[in-house]
Amino acid sequence: MITENTERINTATTILTRKEKEDSTTKKVIRVFCKNRIAFVSFIVLLIIIFSCLLAPLIAQYDPLEGEITDRLLVIGSEGHILGTDEQGRDMLTRILYGGRLSLLAGIVPVLIAGFIGSFLGIVAGYFGGILNTIIMRTLDIFYAFPAILLAIGISAALGQGINNIIIAISIVFIPPVARIAESAVKGVREEEFIEAAKSSGARNFSIIRYHIIMNVFSRLFVYCTTQISISLVLASGLSFLGLGVSPPNPEWGIMLNNLKQQIFINPLLTIIPGLFIFITALAINLVSDGLRDALEIKE
Amino acid sequence: MGVILEAVELKKTFPIKGWLGKTKGAVSAVHDVSFSLKEQSTIGIVGESGCGKSTLARLIMRLIEPDQGKVLFRGKDILTLSGAELQSVRKKIQMVFQNPYSSINPKLTIIDNVAFSLWENGVSKQEARKKANYYLEAVGLPRSYATRYPSSLSGGQRQRVAIARALVLEPEIIIADEAVSALDKSVQAQVLNLLQELKTEFSLSLVFISHDLNVVEYISDEVMVMYLGKVVEKGIANQIYETPNHPYTRALLNSVPSMEVGVSTLNNSPITGELPSPMNPPSGCRFRTRCPHAIEQCSNMYPPEIEIRTGQKVSCILYESSSREKVLL
């Protein structure tokens with residue numbers, strides 16, 4: 001029987017490597033995602049926005065901080081200024097592109113930070129349960145006592161003006177909901193029999209969390225976090241609009257909206273531009289994350 | 001043959017927490033259950049749902065800590081072990097779970113599901129996959145399935161994966177907790193035969209838990225019947241199926257529909273009434289509320305185990321006195 005067994009082992013050695021296997025599932029997700037036309041178009045729009053912001057110095061021909069006093073408040077489509085100029089005669093397109101860098105940064109970074117910290121807290125609370133769960137979750141519940149925007153304003157007012165403080169403030173605001181979602185997702189997975197099976201094989205908690213828990217809650221958390229990006233973007237712009245974020249003359253979509261609000265009766269279309277970019281970016285992110293959710297679900 | 005696994009007076013009650021965490025009551029899930037499993041044999045554990053079969057399995061696996069009692073694996077008490085020692089014993093007892101749709105991680109490939117327990121025990125990933133492949137083949141799963149995800153598998157195939165996962169650690173005992181209950185009859189037969197084959201091939205001992213009497217009869221050498229957390233009868237499988245002695249066992253066997261032509265089992269008095277709440281089990285014999293032969297003394301004390309003949313023990317007061325004939329009528 002032993003020889004027979006070794007033969008079996010030998011015949012069973014041809015295994016696909018991990019690389020190939022991962023490729024096939026990622027490909028599947030990408031294929032499903034691309035079939036969703038709305039999500040795909042949004043993704044392209046998002047890519048265009050991100051890349052043109054990153055490559056702002058190459059695309060924009062003007063200085064984002066210095067304007068021509070003579071060219072103030074030019075309308076959209078003016079010669080040399082496709083999107084017109086603002087109240088100090090600075091080219092709008094240039095400022096939108098440069099401002100987008102900070103706006104996108106303030107949209108993505110807080111979600112990343114909150115995603116990591118919130119997931120960690122939620123997974124620990126959900127997996128270990130008991131007193132640890134009570135301590136973590138009830139502490140986070142305190143944050144729910146304040147409306148998110150008020151909390152963000154409060155924190156960034158306390159920390160002082162600046163993009164860094166905005167990022168910190170929004171991160172703090174986003175941690176509790178992420179943790180809550182992670183916790184409830186983990187609680188559901190924890191009851192599955194494969195967790196018991198893993199425990200009975202003598203697996204350590206760390207590996208159970210890594211291979212069994214995170215794998216099963218990741219897509220839910222990922223999709224939730226991507227929807228938060230647009231909210232974070234709007235929130236950051238809102239804080240800047242209130243004068244808590246970027247200090248002038250630095251461009252940022254929120255603060256541009258704030259500066260242009262006095263011109264709304266003189267040149268309303270111009271005032272709308274930063275808002276329009278906030279809107280389009282946020283919408284594109286939401287649609288992409290919707291598409292991602294659908295694609296990830298099919299993978300299962 | 002020596003005894004490989006022995007449970008001694010295992011007991012577990014789950015507290016029920018009321019408002020503000022106050023203990024409101026307790027569910028007596030397993031109460032003084034003892035049994036022993038001989039090397040390379042199969043013990044079947046039968047009983048209605050809610051009688052504590054699955055809790056018993058989890059107590060043996062030490063997934064739940066018992067309130068009292070011992071679990072002896074080759075004479076060593078598992079419950080006193082910890083750390084590396086516990087780890088090494090755990091590998092020797094593996095479990096196949098009831099629901100094949102919940103017992104396999106949907107996000108890992110089939111082969112990684114099986115290999116996981118190996119690489120958790122210090123085997124390199126590549127080595128673990130090699131071995132996992134071998135066991136997947138042993139349970140009769142086509143090799144092309146190894147890199148797929150569980151979602152593309154049927155219930156029976158999933159259960160095969162679960163069996164392969166249990167086997168991969170080279171255990172000596174497999175606990176099958178309702179392992180075929182969720183499957184179609186035809187698939188059940190396949191999986192049962194597979195279990196039998198693997199048992200001889202890998203010299204396993206089997207604890208087979210099920211509510212399906214036919215299945216237990218087919219696979220078991222010994223049978224233990226449980227009712228509301230208590231053992232009511234245990235013994236050699238053939239003997240129990242031929243001459244069930246405890247009123248509950250008799251009623252249980254009577255309620256199995258017969259496949260024979262002309263034999264109607266329906267007028268054989270099936271059990272009446274509902275399973276009493278385990279939060280508040282009847283005093284004395286727990287079956288007395290539904291027992292057609294119950295007498296006054298039944299409520300006074302739990303009947304002791306009475307050995308009726310070699311290898312067949314019954315917990316029923318009626319066998320103590322001369323009133324034995326009453327039951328057998």
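## Helix H1 of chain B and its surroundings

In H1(B), the buried residues are B:Lys53, B:Ser54, B:Thr55, B:Leu56, B:Ala57, B:Arg58, B:Leu59, B:Ile60 and B:Met61. That is nine of the nine residues of the helix, so H1(B) is largely enclosed by the rest of the structure. Please keep in mind that this is a predicted model. Just after the helix comes B:Arg62, with a positive phi of about 65 degrees.

### The sheet that the helix packs on

What lies around this helix? Let us begin with the sheet of chain B. Eight strands of chain B make up an open sheet with mixed pairing, and their order is E6-E7-E8-E3-E9-E10-E12-E11. The edges are taken by strand E6 (93–96) and strand E11 (305–309) of chain B; each has a single partner strand, so one side of each is left without a neighbour in the sheet. From one strand to the next, the twist averages 20 degrees.

Helix H1 (residues 53–61) of chain B packs on this sheet and touches E3, E6, strand E7 (173–177), E8 and strand E9 (222–227) of chain B. The direction of H1(B) makes about 155 degrees with that of E7(B).

### Strand E3 and its two partners

One of the strands touched by the helix is E3, and its pairing can be followed residue by residue. Strand E3 (residues 42–46) of chain B runs parallel to strand E8 (residues 205–210) of chain B, and five bridges join them. B:Ile43 has B:Val207 in E8(B) as its bridge partner, while B:Thr42 has B:Leu206 in E8(B). E3(B) also pairs with E9(B) in the parallel sense, over four bridges. Here B:Ile45 has B:Met224 in E9(B) as its bridge partner.

Is E3(B) mostly covered or mostly exposed? Five of its five residues are buried, so the strand counts as mostly covered. B:Thr42, B:Gly44 and B:Val46 point one way from the strand, B:Ile43 and B:Ile45 point the other way, and all are buried.

### The nonpolar core

In soluble globular proteins, nonpolar side chains tend to be buried together. In this model, the largest nonpolar core has 161 residues. Those that touch the most other members are B:Val114, B:Tyr135, B:Leu136, B:Ala164, B:Ile175, B:Ala176 and B:Val207. The largest share of this core, 16 residues, comes from helix H8 (residues 163–190) of chain A.

B:Ile175 ties the core back to the opening helix: leaving aside residues up to four places away in sequence, B:Ile175 touches B:Ala57, B:Ile60, B:Met61, B:Ile93, B:Met95 and B:Val207. B:Val207 is the residue already met as the bridge partner of B:Ile43.

### Chain A and its contact with chain B

How many helices and strands does chain A have? There are twelve helices and zero strands, and along the sequence the pattern reads α-α-α-α-α-α-α-α-α-α-α-α. The radius of gyration of chain A is 25 Å, whereas a compact globule of 300 residues would have one near 19 Å. The C-alpha trace of chain A spans about 95 × 45 × 25 Å along its principal axes. Of the 300 residues in chain A, 43% are buried. Among contacts in chain A between residues at least 6 apart in sequence, 69% join residues at least 24 apart.

Where the chains meet, 24 residues of chain A are in contact with 32 residues of chain B. On the chain A side, helix H1 (2–11), helix H9 (193–200) and helix H10 (205–241) each supply at least two residues. H9(A) gives the most, with seven residues. By type, the chain A side divides into ten nonpolar, seven polar and seven charged residues.

### Two backbone angles worth a look

Most residues other than glycine have a negative phi, and most peptide bonds are trans. The two residues below are not glycine, yet each has a positive phi.

| Residue | Phi | Strand of chain B | C-beta neighbours inside 10 Å |
|---|---|---|---|
| B:Glu9 | about 45 degrees | E1 (residues 3–17) | 12 neighbours |
| B:Asp32 | about 50 degrees | E2 (residues 23–38) | 16 neighbours |

With its 12 neighbours, B:Glu9 counts as exposed, whereas B:Asp32, with 16, counts as partly exposed.

Definitions and conventions:
Residues numbered from 1 in each chain as written. Chains lettered and ligands numbered in written order. Predicted model: local features only at pLDDT ≥ 70, side-chain atom pairs only at ≥ 80, totals over all residues. Pairing = 2+ DSSP bridges. Axes fitted to C-alpha atoms, helices over the stretch in contact; angles between N-to-C directions. Contact = placed C-beta atoms within 7 Å. Buried ≥ 20, exposed ≤ 12 C-beta atoms within 10 Å, placed from the backbone. Rg over C-alpha atoms; globule rule 2.2 N^0.38 Å. Core = buried A, V, L, I, M, F, W, Y, C linked by C-beta atoms within 7 Å. Nonpolar A, V, L, I, M, F, W, Y, C, P; charged D, E, K, R; others polar.
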